[in-house]
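Please examine the model shown below. The paragraphs that follow lead through several of its local features.

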Amino acid sequence: MKIHQLKPDEALIGLKSCHNGLSDTEALRRLKEYGPNLIEKIRKEPLWISLIKELVHFFALILWLAAGLAFFAESQQPGSGMNTLGYAIVSVIVINGLFSFWQQFRAEQAVAALEKLLPQYVKVVREGKMALIFAADLAPGDVILLQEGDFVPADSRLLEAFSLRVNNATITGESMPKARDAQPCLEEDLLHGRNTLLAGTTIMSGEGRAVVFATGMNTEFGKIAHLTQTAGVRTSPLQQEIVRLSRIVALLALSLGVVFFFIGHSMGLSFWENFLFAIGIIVANVPEGLLPTVTLSLAMATQRMAKRNALIRHLPSVEALGSATVICTDKTGTITENRMMVTALYLNGQILTPIEIKRQPESAIMYRRFFEDALLCQNLKETLVAGKSHLYGDPMELALFSMAKICLGENISYPKINELPFDTDRKRLSTVHQTPGGPVLYCKGALEMLLPLCNRVQKGAAIKPLTHIDRQAYTKAQEVMASEGLRVLAFAWRELDNIIDSAQMESNLTLCGLVGLEDPPRPEVRSAIGKCHDAGIKVIMVTGDHPDTALAIGRQIGQIQCENPAIITGTQLRNMSEIQLRLALDEPDIIFARVGADQKMRIVSALKKKNHVVAVTGDGVNDAPALKMADIGIAMGVNGTDVAKEAADMILLDDNFASIVAAIEEGRAVYDNIRKFLTYILTSNIPEIVPYLAFALFKIPLPLTIIQILAVDLGTDMLPALGLGADPPAPAIMSKPPRPRQKRLLNWHLLLRAYLFLGVLEAAAAMAAYFFVLHNGGWVWGKQLGSQDPLYLQATTACLTAIILMQIVNVFLCKSPVQSLFTTPLFANRLLLWGVAAEIVLILIIAYTPWGQFVFGTAPFAPEVWLFMMPFAIGMLLLEEARKWLVFRWSH
């Protein structure tokens, strides 16, 4: 038998302990054997390794290779400018790596947060004497003393309990405090045993004596910590796509290098000339600006999300959220407000709300005893906070007190002269108060426990005998309220006169009403769930609470829409095979209730195997393992535990489920925006490669120098690309289904548009401008020009300027691959406009200032060259608009 199924004395014998506790010698021996009552730290990756990883991921390796080839080319052909390219690429790798590392460095360790939840000191009985010791020094078999407000330091089995109630929300997810006693329990699951106290939970009321049976990593708390630590590092969809993009870029660059190596060989170039030519092609094909642009774009997205109350802890999670197909959400504190509230009253045969009572003052007067009962029958404590009096204690009693005070319009404080405490057998609490009319007993508890004690019922202002019909009416009302997910309590009272015997006190009571309490859903959640449905995102409730409560909340918020949803309890889930679980997840509406931390992980794992991108929300310790395993974990910032926050990728600053929808919208926009600036950046590769090809194949002066290529890739292109990354979400973005997992960031449509359409147009404009300047300067085919020849400097400047001018037009064309430029708001994105303005200023500085001319090897050209370029820019705009029109016609 399990320890919670044994009697108290049997549990002590099983642990080789006694009511006087362990001896100091035995406690020390056990402490050495079982270890301290602490959460073990796993060996973490050193920071320097984390930094190195940011510098050697796949795309960074491609850039390192490009830099190495550039330095090699410079060594073989000094003065070619390739070393400048090499240093620039190395700078990009280092700066980007440091920036990404700093973003990750802000995350603290989840283990440290777990340790903060455990109490530092605990009262223990050893050798028959009470002592105060460090919680870390507890050993299995120790007898501990607990009272209201204490944290439970280790998994324990109660030996004695007096009106003890415990809040298990952080471990099991149950929203309401649970009564605990010392009697043996038939419940198979230790988590829900009525005589067990779990490490990390809180004593809400009462006091008790318990024997410790598990410490440290052997507690349920420790097992959750272990699951969180070992959940593994996941790769976001964006990271997977960047790896794939890196491979495509590497393959494309190497393939072109090999192809043009053989072309050069067929033209009679020497081996070294040919090899250096191939290196130039490879390096020119690597988009050096892509990596910092992606990183900075994600960083800007995190700032936008923060303004919408979503704090991103890991940059790639921004886009992952936009890809989410399923949200597994906790109920308590996530969908609900994590506070008890009275929502229904059953008085005189009617179910009313507190607001309706407030509007009818005569009802409050008529049922004064009922409201006195709710106000006085409690064990709340009063404390001073900042000079003001505050009540604390059981959330349910706080809700009843608040409701009664509002309905009565006053606070009554008749002295308490006796109490019959609550326990799990009695399921009721009775208090005796000295009222102006004499002593009165007020009783509240489960209806099935109060009905046998009552012989009268209050109907309006009259007190009448309690009939069978009345009993049926109350039972029916309770069933109706319970079906709506309410916790139902019955209230009764009697005048005592001179009765002293407690058994007689709780007899001949007058039944006066029922109260329905709930942890209410957040007001914004229903509309947020509706938006998730519109966006094709499935919402699954995964909670440790009761199935009926979960179902009622699910219907209230609109998550459950069908007549017979699938409701799977933790016990049922434990008996399901992997195939059965995955088939069950196909149900349109599904709820998981009474599930443990390991089971939440299993649900997430099954969804991921079904190719879903899974977002998981939660706030408790029990949510942490699933948060870490999910594609994106979302923790609550206000009421969330430190453990949940550390395991999560995103933190909701306002604990509002509705903020998730706003974050998903931003996440979807991020993916679209990355594709926009990817098109923009890749387009300029072609006008950078073509001049190099023309130089090698047709023996003309090099139309574009290496430093000028860098001016485009790491200068003029950067700010407009970031502007594209900051484009606001499209109006209809949340009415579309999530992006399929197989949809690629870089596909053939994007490549063909960038390389074979937009890129070719830019290359034509660049080469035309180059030859236009040469022709006007009297250059003829075969004539060699020195690197400092004014005509050559003007021609390369014209080539560079033409590329930048075409890119200015291109940045607006890339706002949408299908929507006409004339139907999109041109001035909505201020960063994009500032980027274009900066691009214009940069080219003017490069071409017309002594500093720009010295650094980039440029010279000012005649004004008519600008006029020569303009038709190419207009032509590019018109041709792209024609392409979009054809795409629209074909798709419709």
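**A guided reading of the model**

Ser363 counts as buried, because its relative accessibility is 12% and the limit for that class is under 20%. The model in which this value is computed is a predicted one. Ser363 belongs to helix 14, which covers residues 361-366. When residues up to four places away in sequence are not counted, Ser363 touches Ile357 and Phe371. The C-alpha atom of Ser363 is separated by 67 Å from that of Ala721, a residue 358 positions away along the chain.

Phe371, touched by Ser363, is also one of the buried residues of helix 15. Helix 15 comprises residues 368-376 and is mostly covered, with 7 of its 9 residues buried. The buried set consists of Phe370, Phe371, Glu372, Asp373, Ala374, Leu375 and Leu376.

The next element to consider is an open sheet. The sheet has 8 strands in the order 8-26-25-24-9-21-23-22, and the pairing is mixed. Strand 8 (310-312) and strand 22 (566-569) are at the edges; each has a single partner strand, so one side of each is left without a neighbour in the sheet. From one strand to the next, the twist averages 20 degrees. At one edge, strand 8 pairs with strand 26 (residues 650-652) in the antiparallel sense, over 3 bridges. Ala310 has Leu652 of strand 26 as its bridge partner.

Strand 9 is a member of this sheet, and the loop between strand 9 (326-329) and strand 10 (341-347) contains Thr336. Is Thr336 buried or exposed? Thr336 is buried, because its relative accessible area is 0%, against a limit of under 20%. Beyond its neighbours within four places in sequence, Thr336 is in contact with Lys331, Asp519, Pro520, Pro521, Arg522 and Ile553.

Helix 20 offers a further case of burial. Within this helix (residues 525-534), Val525, Ala528, Ile529 and Cys532 are buried. Viewed down the axis of helix 20, the buried residues fall within an arc of 100 degrees, so they line one face of the helix. Which elements are included in what covers these buried residues? Among them are strand 9, strand 21 (538-542), helix 21 (547-557) and helix 27 (657-683). Strands 9 and 21 both appear in the strand order of the open sheet. Just after helix 20, Gly536 adopts a positive phi of about 75 degrees.

Terms used
Residues numbered from 1 in each chain as written. Predicted model: local features only at pLDDT ≥ 70, side-chain atom pairs only at ≥ 80, totals over all residues. Heavy atoms only, no water. Pairing = 2+ DSSP bridges. Helix = DSSP H or I, 4+ residues; strand = E, 2+ residues; numbered from the N terminus. Axes fitted to C-alpha atoms, helices over the stretch in contact; angles between N-to-C directions. Buried < 20%, exposed > 50% of the residue type's maximum accessible area, 1.4 Å probe, protein only. Contact = heavy atoms within 4.5 Å. Arc of directions from axis to C-beta.
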